[in-house]
Each structure stands twice: as structure tokens, then as C-alpha cells.
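Reader: I would like a close look at one part of this protein. Please take me through the empty space inside it and what surrounds that space.

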Amino acid sequence: CHYGCRTCRNGRATALMTGSPLPRDFYQRDPREVAPELLNKLIVVSDGRAGRIVEVEAYCGANDPAAHTYRGKTQRNATMFGPAGHLYVYFSYGIHWCANTVCGEPGEGVGVLLRAIEPVQRVEAIRQARGNLRRDRELGSGPGRLAQALGITGELNGADLVTRDSGVWLIDDGMPPPATPAATPRIGISKAVEHPWRWHVPGSAHVSKVRASYRRST
């Protein structure tokens, strides 16, 4: 039934709420290894809203001029220099929140930006959070929309994705990453634009749209 009936939907909801989060050693690697493996994983928040990750970008600390951590540790980016498997949330342009998984070893300041999700659970609640948009493909397509859809704000900065006691976690429900994920340069940046460190699920309608006029400063 592809989760169409109430029994299956309820069972799936229970699985998402009680399923084991990804282990910490999943994140304790180079973000360029972690990022494509995050595709098709699920991000779940405590009220049951959930989305399948369909687009990500890796940021590589001191070796990456586009990373927030390139110039070292500050009060704003301190979470990124902590243990892997935590959520780094920052406010972008004074407009929206963005969520990242901390990767690597403490002190490296590396991570993966979660750029887009396909809503899979409590879609109506996600739609309400996004202002009742009519087109589902716009509900989580872009890092700001993703955070708004799931209610991720600065209060979740530093949340532990592994222990699940902070209200947000990532799980594997058995859907593997794409065998050949699409890889492109990152978008919305003005530095280190040559690196193909953006990955997304090929053919997904929920991937964010590339706009040539959009640039993100660091």
C-alpha cells in the first residue's frame, strides 16, 4: 500500500518516533564522505514531523573558505568545533535558520548543511509551518525552508542527534542513498565555488532550485 492505509501509516509513525538514531561514528568522518550518505536518511523532530533528506552540502573547516569555521572558532560557530553528531543551527541573513550536522573530530569545525527534504510524516503540520503552501515540492526545498518546515530554530543549536533527548534526530529507515548521487558545486556561496561538494537525489522534485543571482556570504 506504500503507507497508504491507516495501519501502515501509524506503524511507520511509531517506527520513526522510536527508531534508533544514526550512531555517532557515522558522523565522525570527513563531511565529504558523510554528506552523500545522508541522502535518503530521515530527519525527525519530537512532534512527529519528518522529512527525507534529498540535498546536502559539505563544508570543510580551515580548508574551505566558504565554511563558517574557516577563520576559527567564535561564539557563533562554537558548536561546529565540538563533538560530531550534534546540530549546528545558525541564522542566515537575518531571515531564516539553517541546520548542519557536525562531523569529523572535535576542533576540526567541519559539517554538512542539510539543504532540502521531502516531507514524509505530519505533512499537514509541515504545510502549516510553511504558511499553507499549495505546492508540496516547496515545503522543504532549501535550507531555510527545511528549518521552518520542521520548527528548527537557534534553540536547537548544539542538540545531540544521537541521544535523541534534544528533540531532533536522524534515522535510517532502510532506504539506501542513491547509487549515483548527483554531485555539483555548492550554491549560494562566493568562495571555493569550484568544489563539487553538493549532492542531491537525482530526479527529486524537492531539491532546491539553483538561482544564479543568489549568493551566500560567509
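Author: Here is a walk through the cavities, one lining residue, and two backbone details elsewhere.

The model is predicted. Start with the general idea. Rolling a probe the size of a water molecule over the atoms shows where empty space is left. A search of the whole structure finds 2 cavities of 30 Å³ or more. The largest cavity has a volume of about 80 Å³. It is lined by 10 residues, and the closest to its centre are Tyr59, His68, Met80, Tyr88 and Asn100. What is the make-up of this lining by class? The lining has 6 nonpolar, 3 polar and 1 charged residues.

Now take one of those central residues, asparagine 100. Asparagine 100 sits in strand 4, which covers residues 96–103. Is asparagine 100 buried or exposed? Its relative accessible area is 5%, under the 20% cut-off, so asparagine 100 counts as buried. Leaving out residues up to four places away in sequence, asparagine 100 touches His86, Leu87, Tyr88, Tyr90, Val112 and Leu113. Tyr88 therefore appears twice: as a contact of asparagine 100 and among the residues closest to the centre of the largest cavity, while asparagine 100 itself is buried.

Next, the backbone. Arginine 122 is not a glycine, yet its phi is positive, about 55 degrees. Arginine 122 is in the loop between strand 5 (110–121) and helix 4 (123–129). With a relative accessible area of 43%, arginine 122 is partly exposed.

Alanine 192 also has a positive phi, near 50 degrees. Its loop runs between strand 8 (188–189) and strand 9 (198–200). Alanine 192 counts as buried, because its relative accessibility is 11%.

Notes
Residues numbered from 1 in each chain as written. Predicted model: local features only at pLDDT ≥ 70, side-chain atom pairs only at ≥ 80, totals over all residues. Heavy atoms only, no water. 1 Å grid on protein atoms, 1.4 Å probe; cavity = no way out; pocket = protein on both sides within 12 Å on 5 of 7 lines; lining within 4 Å. Points joined across faces, edges and corners; volume = space filled by probe spheres on them. Nonpolar A, V, L, I, M, F, W, Y, C, P; charged D, E, K, R; others polar. Helix = DSSP H or I, 4+ residues; strand = E, 2+ residues; numbered from the N terminus. Buried < 20%, exposed > 50% of the residue type's maximum accessible area, 1.4 Å probe, protein only. Contact = heavy atoms within 4.5 Å.
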